[in-house]
Amino acid sequence: MTVVGETDRGVRIITIRRPEKRNALDAATCDGLLSEFEGAADDGDIRVLLLQSDGPSFCAGLDLKEAGASQTTPAHERLFSAFAWLSKPLITAVQGHAIGGGLGLAVLGDIIFAADDAQFGLPEVTRRLWPYLVFPAVSRRIGEAHALELALHGALIGAQEAERRRLVSHVVPAGALRALALAAAHGMARHDAEVLRRGLEHVRAHTRAEWTGAVARAASARAEHLGKML
């Protein structure tokens, strides 16, 4: 299994375990993440989600070799619009690289912890591609202008610059990343579950209709782009 989960005092700890592939997102991993996200919705023992990954990199993006360079699945589309429908708070803990689809995954978090050596970016343009699927999520997080700069340059930025651009919430020592993210999740999990649910529903309602459709449109544009290049 490339995605595993465990519940600890109200926190569902979700871990991607493909370190040999830099935790790249193939279809099975996307399905596993969605299963965890969706399964938490009706589990009364879970109040907060914490997403992390094993190995030196958080996520290197879509696994083009295994998922297919020109193919994405409905799971990819639903995953990258998860911020619009997740019913419980999500914290992401990012180490190493979060690039392309990995950055899209990181910014699903309501709160993002980054190791001080983490790097972020949308390097697709350097491969004659465009970050269609993840651009809506990144743009939502930092605004279209900053997201467009990342996409047009294709270069990576460090954790401190990512914090300055409000891409991440907290930059912490790499060795303390998991402990600090988990402590934050446990602190949040002490709050009333119904208050968290209602509050998130109110916040998500403002973005759900617009952004869910944005990812579907991006998937169509990506397929057309790749179809002309292949």
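Two residues are in contact when heavy atoms of one lie within 4.5 Å of heavy atoms of the other. In this predicted model, contacts between residues at least 6 apart in sequence were examined, and 74% of them join residues at least 24 apart. The chain has 230 residues, and buried residues make up 50% of them. Its secondary structure consists of 10 helices and 9 strands.

Six of the strands are arranged in a sheet. This sheet is open, and its pairing is mixed. The strand order is S1-S2-S3-S4-S6-S9. Strand S1, residues 3–8, lies at one edge, and strand S9, residues 170–172, lies at the other. Each of these edge strands pairs on one side only. Neighbouring strands of the sheet are turned against each other by 20° on average, direction ignored.

Several of the pairings can be followed from strand to strand. Strand S3, residues 48–53, runs parallel to strand S4, residues 90–94, and the two are joined over 3 bridges. Leu-51 has Thr-92 of S4 as its bridge partner. S4 in turn pairs with S6 in the parallel sense, over 4 bridges. Here Ala-93 is matched with Phe-113 of S6. S6 also pairs with S9, again in the parallel sense, over 3 bridges. Phe-113 stands opposite His-170 in S9. Phe-113 is thus named in two pairings, with Ala-93 and with His-170.

Strand S6 covers residues 111–115. Of its 5 residues, 4 are buried, so the strand is largely enclosed by the rest of the structure.

Val-168 lies in the loop between helix H7, residues 159–164, and S9. Is Val-168 buried or exposed? Its relative accessible area is 4%, and a residue counts as buried under 20%. Val-168 is therefore buried. Which residues is Val-168 in contact with, leaving aside its neighbours within four places in sequence? They are Ile-112, Ala-114, Phe-120, Arg-141, Ala-159, Ala-162 and Glu-163. Ala-106 is 62 residues away from Val-168 along the chain, yet their C-alpha atoms are separated by 8.8 Å.

Helix H6, residues 144–153, has buried residues and exposed ones. The buried residues are Ala-147, Leu-150 and Ala-151. They cover an arc of only 95° around the helix axis, so they sit on the same side of H6. On the other side, Ala-145, Leu-152 and His-153 are exposed. The buried residues of H6 pack against three elements: helix H4 (101–106), helix H5 (135–142) and strand S8 (157–158). After H6 comes Gly-154, which has a positive phi, near 75°.

Aromatic rings were considered next. A pair of aromatic rings is described by the distance of the centres and the angle of the planes. The count comes to 1 aromatic pair. A ring also takes part in a charge contact. The charged end of Arg-78 sits over the ring of Trp-85, at 3.8 Å from the centre of that ring.

Technical notes: Residues are numbered from 1 along each chain as its sequence is written. This is a predicted model: local features need pLDDT of at least 70, side-chain atom pairs count only at pLDDT 80 or more; totals for chains, interfaces and linings use all residues. Side-chain values use heavy atoms; hydrogens and water are left out. Two strands pair if DSSP finds at least two bridges between them. Axes are lines fitted to C-alpha atoms, for helices over the stretch in contact, and angles run from 0 to 180 degrees between N-to-C directions. Rings of Phe, Tyr and Trp (its six-membered ring) pair if their centres lie within 6.5 Å; planes under 30 degrees apart count as stacked, over 60 as edge-to-face and the rest as tilted. A charge sits over a ring if NZ of Lys or CZ of Arg is within 6 Å of the ring centre and within 35 degrees of the ring normal. Buried means under 20% relative accessible area, exposed over 50%, partly exposed in between (1.4 Å probe, protein chains only). The arc is that of the directions from the helix axis to the C-beta atoms.
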